[in-house]
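Below is a short report on one protein chain, meant to be read beside its sequence and model. It goes from single residues to the cores and then to the chain as a whole.

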Amino acid sequence: WAEYCDEQNLLCNAVFADDTSMLDRLAQISTTGFAMFMPRDGKWSVVIDNERPAYEQLFTDRNVSKYICEVAHPLPLHGISVSFVDETSKYATNERVTYDDGYTEANAVYIEQITLPGITHPNVVHKYCRRILAERRLRRELHTWECDPEHLVLDVGARVRFAHDVISVGLGAARITCYTEQPSTGLMAYVTLDTTFQTTGGVDYAMVARPSVGDQAVIRFQN
């Protein structure tokens, strides 16, 4: 996390003078570094809110139940205004407005005012506000479901694949009943599934397979 903060030029500059709990202060410090303070593997740690390189689990309508999808429709937001202690101006209180794509001071109407405790550099204020604006557009969906204890292998922030017929993501889900390998290469030649799918001629497809042990595999088919 320290290396990540150094790469992103993220710092927490704050004076704590009240009786707020230690956990609340640690949560505030973590937020300035795009992270969440929480237990991991029985120890207090941080989880960086960034994209993970690899998928860690696969969920479909075959291994989840009580699936609910909620989509938020927030009011328009053209920019964010932040009043902050500016370290580049001898720690005087300044204001910076960050605009969303397509908006400037000339045409922005809906501006939201927020505070960013611990952030004192105008460039970091701008970066943080741009992140908030992006999340407002791209993180509007909330997916919840119930599953077996297989979810216990995941930490908060883990990257997963998800397919479900309710939201029409993926052609379908099935279990592999048997497969045949090519003797010369050891590659998979034939796969038998426990259900059938309607495909379109001339269109290639891919299947994501989750083995009992090891990483997920993407298998491509020529139709």
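## Loop and strand residues

Tyr91 is exposed, with a relative accessible area of 51%. Here exposed stands for over 50% relative accessible area, buried for under 20%, and partly exposed for what lies in between, with a 1.4 Å probe and protein chains only. The model is a predicted one, in which local features need pLDDT of at least 70 and side-chain atom pairs count only at pLDDT 80 or more, while totals for chains, interfaces and linings use all residues. Residues are numbered from 1 along each chain as its sequence is written, and side-chain values use heavy atoms, with hydrogens and water left out.

Tyr91 sits in the loop between S5 and strand S6 (92-99). Helices (H or I, at least four residues) and strands (E, at least two) are DSSP runs, numbered from the N terminus. The phi of Tyr91 is positive, near 60 degrees, and Tyr91 is not a glycine. Most residues other than glycine have a negative phi. Asn9 also has a positive phi, near 60 degrees; Asn9 belongs to the loop between H1 and H2 and, at 57% relative accessibility, counts as exposed. A positive phi, near 55 degrees, is found in Phe34, which follows H2.

Five residues are set out here by place and relative accessible area.

| Residue | Place | Relative accessible area |
|---|---|---|
| Asn9 | loop between H1 and H2 | 57%, exposed |
| Ser81 | strand S5 | 5%, buried |
| Tyr91 | loop between S5 and strand S6 (92-99) | 51%, exposed |
| Thr192 | strand S11 (188-193) | 36%, partly exposed |
| Asp204 | loop between strand S11 (188-193) and strand S12 (205-209) | 54%, exposed |

Ser81 touches Glu95, Arg96, Val97, Ile111, Glu112, Gln113 and Ile114, leaving out residues up to four places away in sequence. A contact requires heavy atoms within 4.5 Å. With the same sequence neighbours left out, Thr192 touches Arg175, Ile176, Thr177 and Cys178. Thr192 and Cys178 are 14 residues apart along the chain, and their C-alpha atoms are separated by 5.3 Å.

Asp204 is in contact with Phe221, Gln222 and Asn223, apart from its neighbours within four places in sequence. From C-alpha to C-alpha, Asp204 and Phe221 are 5.8 Å apart in space, against 17 residues in sequence.

## Cores and helix H2

The largest nonpolar core has 17 residues; Leu10, Ile80, Val82, Leu116, Ile119, Val125 and Cys129 touch the most other members. Such a core is a set of buried Ala, Val, Leu, Ile, Met, Phe, Trp, Tyr and Cys residues joined through side-chain atoms within 4.5 Å. Two or more residues of this core come from each of helix H1 (2-8), strand S5 (79-86) and helix H3 (122-138). H3 gives the most, with 5 residues.

Apart from residues up to four places away in sequence, Val125 touches Val82, Phe84, Arg96, Thr98, Leu116 and Ile119. A second core, separate from the largest, has 6 residues, including Phe59, Leu154, Ala158 and Phe162.

Helix H2 covers residues 22-32, and Arg25, Gln28, Ser30 and Thr32 in it are buried. The buried residues of H2 pack against strand S1 (35-40), strand S2 (43-48) and H3.

## The whole chain

The chain has 3 helices and 13 strands. Its radius of gyration is 24 Å, well over the 17 Å that the globule rule gives for 223 residues, so the chain is more spread out than a compact globule. That radius is taken over C-alpha atoms, and the rule is 2.2 Å times the number of residues to the power 0.38. Along its principal axes, the C-alpha trace spans about 70 × 45 × 40 Å.

Of the 223 residues, 24% count as buried. Among contacts in the chain with a separation of 6 or more, 60% are accounted for by residues 24 or more positions apart. The chain exposes about 15,500 Å², and carbon and sulfur atoms supply 52% of that area. Accessible areas come from the Shrake-Rupley method with a 1.4 Å probe.

The chain has 20 positive and 30 negative charges, and their mean positions are 2 Å apart. Lys and Arg count as positive and Asp and Glu as negative, without His and the chain ends; each charge is placed at NZ of Lys, CZ of Arg, CG of Asp or CD of Glu.
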